[in-house]
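Got your viewer open and your selection tool ready? Let's take a walk through this protein, stop by stop.

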Amino acid sequence: MAQAYVTDTGNGGPEPEPAGSGLRGRLAALRKDPGIWRRGIVTAVFAVLIALVMVFHATLPNDVGNLGSLIETFLPWLAVPIALLLVIGLARKSATALIALLLPSVIWVHLFGGLVTDKSGAGGNLMVATHNVDADNLDPRGTAAAMAKSGADVLALTELKAGAVPLYEEALAGTYKYHAVEGTVGVWSKYPLSSSKPVDIKLGWTRAMRTTVDTPYGQVAAYIAHLPSVRVKLNAGFTANQRDNSAGALGAALAGEPLKKVLLLGDLNGTMNDRALSEVTSQMRSTQGAAGDGFGFSWPAQFPMARIDQIMVRGITPEASWTLGRTGSDHLPIAARLTVRP
């Protein structure tokens with residue numbers, strides 16, 4: 001039997017609810033609001049622009065201030081303006097804005113939704129870690145002690161200050177029997193190392209190296225690299241040309257590597273989205289993208305906004321990838337569990 005909506009009058013008896021109240025009334029009022037489609041046009045335009053940037057970021061020009069690389073470095077953070085526009089659209093009760101916001105929202109989920117979830121597994125027979133220890137680190141011993149407790153079988157350190165190298169060697173000696181240092185980068189390992197040598201990345205000094213790790217599962221070529229830093233300047237934009245040149249040299253070295261199992265550890269000063277690193281990223285697989293828990297942002301340590309420290313593999317299966325706790329550095333260390341098949 002049909003039943004009328006009623007409200008309690010407080011006098012012991014119900015009375016019919018006014019026709020304009022309740023959810024149905026509000027929806028009816030919105031349908032009758034002629035401005036629901038006219039309001040929020042500017043918000044809708046911004047939503048479409050954000051969607052276009054996400055879809056066509058690879059075509060944004062790098063000729064002026066490396067604009068494309070700058071946007072690609074922080075591309076996941078476009079979720080913030082999308083959320084702000086959503087709040088504006090709801091506050092203005094704009095159907096136009098809310099419908100337009102579906103476009104960037106769907107694109108963002110398509111691009112980055114897989115990174116939000118935990119894809120890590122339980123397997124793996126080799127754990128690796130890498131850390132930019134910061135040349136200005138005031139507590140190198142504490143940083144070394146923290147990394148010794150990480151559980152990594154192979155540990156790569158970058159931005160090693162010459163005077164601090166003996167401190168790291170002493171602090172890590174009890175955990176790692178083997179190590180090699182070339183310039184400002186080094187590797188410590190529980191397994192024997194051989195054929196350690198610098199890798200020329202066109203800087204004039206050594207910030208990259210290659211070594212062979214003799215694991216129980218076969219030989220692995222390990223590259224440790226620290227590409228040049230980038231800066232954001234008002235008069236020059238995203239100054240990354242030197243880094244880009246070094247990335248090309250590192251990519252060439254990786255392409256010429258004769259071993260099938262290859263590991264790249266270090267601070268690349270760029271993300272996997274940055275097209276300027278394509279000569280490296282096109283031939284290597286990110287452990288965070290394949291088996292990570294979240295975005296794995298590593299820099300700056302106090303409020304991580306980008307993953308510029310990387311662990312990449314070729315011929316090796318990523319099982320899990322994550323960030324480690326903060327040390328005295330301005331970067332967070334990162335780690336990965338891998339399966340190396342004989």
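**Stop 1: helix 4**

Select helix 4 and colour Ile82, Leu85 and Gly89: these residues are buried, where buried means under 20% relative accessible area, exposed means over 50% and partly exposed lies in between (1.4 Å probe, protein chains only). They sit on the same side of helix 4 because they cover an arc of only 65° around the axis, the arc being that of the directions from the helix axis to the C-beta atoms. Turn to the other side of helix 4 and you meet Leu84, Val87, Leu90 and Ala91, which are exposed.

Before going on, a word on what you are looking at: this is a predicted model, in which local features need pLDDT of at least 70 and side-chain atom pairs count only at pLDDT 80 or more, while totals for chains, interfaces and linings use all residues. Residues are numbered from 1 along each chain as its sequence is written, and side-chain values use heavy atoms, with hydrogens and water left out.

What covers the buried residues of helix 4? Show helix 2 (41-55) and helix 5 (95-116), which are included in that cover. Helices (H or I, at least four residues) and strands (E, at least two) are DSSP runs, numbered from the N terminus.

Now try the distance tool from end to end. Helix 4 (residues 79-91) has 13 residues and reaches 18 Å from its first C-alpha to its last, close to the 18 Å expected at 1.5 Å a residue. That expected span is 1.5 Å times one less than the number of residues. After helix 4 comes Lys93, with a positive phi near 55°.

**Stop 2: rings around Trp108**

Next, select Trp108 and Phe112 and show their side chains. Rings of Phe, Tyr and Trp (its six-membered ring) pair if their centres lie within 6.5 Å; planes under 30 degrees apart count as stacked, over 60 as edge-to-face and the rest as tilted. By that rule there are 6 aromatic pairs. In one of them, the ring centres of Trp108 and Phe112 are 5.6 Å apart with planes at 50°, so the pair is tilted. Trp108 and Phe112 are 4 residues apart in helix 5, so about one helical turn separates them. Both Trp108 and Phe112 are buried.

Add Phe295 to the selection. The rings of Trp108 and Phe295 have centres 6.3 Å apart and planes at 55°, so this pair is tilted. Trp108 lies in helix 5 and Phe295 in the loop between helix 10 (287-291) and strand 14 (309-314), so the pair ties together parts that are 187 residues apart in sequence. Is each one buried or partly exposed? Trp108 counts as buried, at 15% relative accessibility, and Phe295 counts as partly exposed, at 21%.

To see the wider group, select Trp77, Trp108, Phe112, Phe295, Phe297 and Phe303, which ring pairs link into a cluster.

**Stop 3: charged partners**

Side chains of opposite charge can pair when their charged atoms come close. A salt bridge here is a side-chain nitrogen of Lys or Arg within 4 Å of a carboxyl oxygen of Asp or Glu, and the count comes to 7.

Start with Arg275 and Glu72, whose side chains meet in a salt bridge (2.7 Å, N to O). This pair links distant parts of the chain, 203 residues apart: Arg275 is in the loop between strand 12 (262-267) and helix 9 (278-281), and Glu72 is in helix 3 (residues 67-73). Arg275 counts as partly exposed, at 23% relative accessibility, whereas Glu72 is buried, at 0%.

Then move to Asp274 and Arg243, which form a salt bridge (2.9 Å, N to O). Asp274 lies in the loop between strand 12 and helix 9 and Arg243 in helix 8 (residues 241-255), so the pair ties together parts that are 31 residues apart in sequence. Asp274 and Arg243 are both buried. Add Asp244 as well: salt bridges that share partners join Arg243, Asp244 and Asp274 into one network.

**Stop 4: Glu319**

Finally, select Glu319 in strand 15 (residues 317-323). Which side chain of opposite charge is nearest to Glu319? That is Arg341, 4.9 Å away, and the buried Glu319 has no salt bridge. Lys and Arg count as positive and Asp and Glu as negative; His and the chain ends are not counted. Leaving aside neighbours within four places in sequence, Glu319 is in contact (heavy atoms within 4.5 Å) with residues including Lys119, Ala291 and Arg337.
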